[in-house]
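Let's walk through this one together, beginning at the ligand and moving out to the helices around it.

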Amino acid sequence: MASDDAIRATNDEASMCKRFAVQQGYWNDPYIKYFIRSSDRKPPDINRGYFARVKGVHCLLNQFLQATKCKCQVVSLGAGYDTTYWNLQESNMQPERYIEMDFENVTSHKCHFIKSRKPLLEKIATKDGEIRFSKTDLHADNYHIVAVDLRNLIEVETKLKESGFDNDIPTIFIAECVLVYMESEKSNAIIKWIADNVKTAYFVNYEQVNMGDRFGHVMLDNLRSRQCGLPGTDVCQTIDTQQNRFTSQGWTSAEAWDMNTVYSNLPQKEIQRIEKLEFLDERESFEQLLHHYCLCWAYIDGAGVGLENISVVNAT
Ligand SMILES: C[S@@+](CC[C@H](N)C(=O)[O-])C[C@H]1O[C@@H](n2cnc3c(N)ncnc32)[C@H](O)[C@@H]1O
């Protein structure tokens, strides 16, 4: 399998893990079943890790939506089969524009599922009932799925324009396990482009960290054995390298936490609930796993909407 195919396949794996965790009751997502019908059993540490990842990203997104009163845009980079668009529609927290980007092989499958599954299709907001589909892209009133290689900045800009992207509206960019699959000069180009062009921006990045130790090397070897190199690991060495990738490209401030810290800051009631779902044998290996992923958030608050107050500490 060529390397780009292996990268696209990481979406299947992430979606299956999420599907299984939802099935086990870790969080609620009535839409994921329309993309992944069923999934093999996953071990409890993986399920808890996904819980922390999804809750961490969503708690920052929800605070951003509240701070901007939903007068904002969401851009999901490497969105895969993410279902956040539908879940926000359901909770009446929809932003003005929601744009998803991924390789065409992924977006074409996503478009096909949406077209053929009524519960997905009927939730997409349209004034006149029109949703424009091509084989790989979808354009509706407030929802856009576009095929793009994120390593090609010109293509990214073109696709954002086609989706009606407005540089002046506060925008949150989400990259959940995506940037590590490209050379850091390519991810830096996106991060810098946003800083140069978007007045009010928030970035949420979830991915590997502490890759320099033994556990990190084993993780990298595993991925390499699946033809899936991680060319962006130079930025995944420490919490500092993760923060600096933003501050060195013109962002006002950035903070990164390893997932142990994120996990212990998530609402304790929720943690107690999910820890009862399955017995976890080896707490230590779970903590090792969480030590090798991080959540990083960065902002530029041109409009003064209070983005500096958004953090995992405020998780509810
Ligand atoms: C691990 S999956 C994560 C999917 C989703 N963000 C989630 O967390 O469920 C990584 C995704 O990033 C996409 N991706 C990686 N590199 C990309 C690139 N250069 N251009 C477009 N998409 C890319 C892959 O196709 C895949 O869907």
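**Around the ligand**

A polar side-chain atom of Asp-149 sits 3.0 Å from a nitrogen atom of the ligand. Right next in sequence, Leu-150 brings a backbone N or O atom to 2.9 Å from a ligand nitrogen, and Phe-103 has a backbone N or O atom 3.5 Å from a nitrogen of the ligand. With the protein in place, 97% of the 590 Å² of accessible area that the ligand has on its own is covered (Shrake-Rupley method, 1.4 Å probe).

Before going further, keep in mind that this is a predicted model, where local features need pLDDT of at least 70, side-chain atom pairs count only at pLDDT 80 or more, and totals for chains, interfaces and linings use all residues. Residues are numbered from 1 along each chain as its sequence is written, and side-chain values use heavy atoms, with hydrogens and water left out.

There are 20 residues around the ligand, and Lys-18, Arg-53, Gly-78, Asp-102 and Leu-150 come nearest (a heavy atom within 4 Å counts as near). By class, the shell has 9 nonpolar, 4 polar and 7 charged residues. Its largest share, 6 residues, comes from helix α1, residues 3-23 (helices are DSSP runs of H or I, at least four residues).

So how do α1 and helix α2 (residues 44-67) pack? Their axes are 9 Å apart, at an angle of about 100°, and the two helices are therefore roughly perpendicular (65 to 115 degrees). On the α1 side, the residues in contact include Cys-17 and Lys-18, while α2 offers Tyr-50 and Arg-53 among others (contact means heavy atoms within 4.5 Å).

Technical notes: A polar contact is a pair of N or O atoms within 3.5 Å; within protein, one must be able to donate a hydrogen and the other to accept it, and residues adjacent in sequence count only if both atoms are side-chain atoms. Ala, Val, Leu, Ile, Met, Phe, Trp, Tyr, Cys and Pro count as nonpolar, Asp, Glu, Lys and Arg as charged, and the others, Gly among them, as polar. Axes are lines fitted to C-alpha atoms, for helices over the stretch in contact, and angles run from 0 to 180 degrees between N-to-C directions. Angles under 35 degrees count as roughly parallel, over 145 as roughly antiparallel, 65 to 115 as roughly perpendicular and the rest as oblique.
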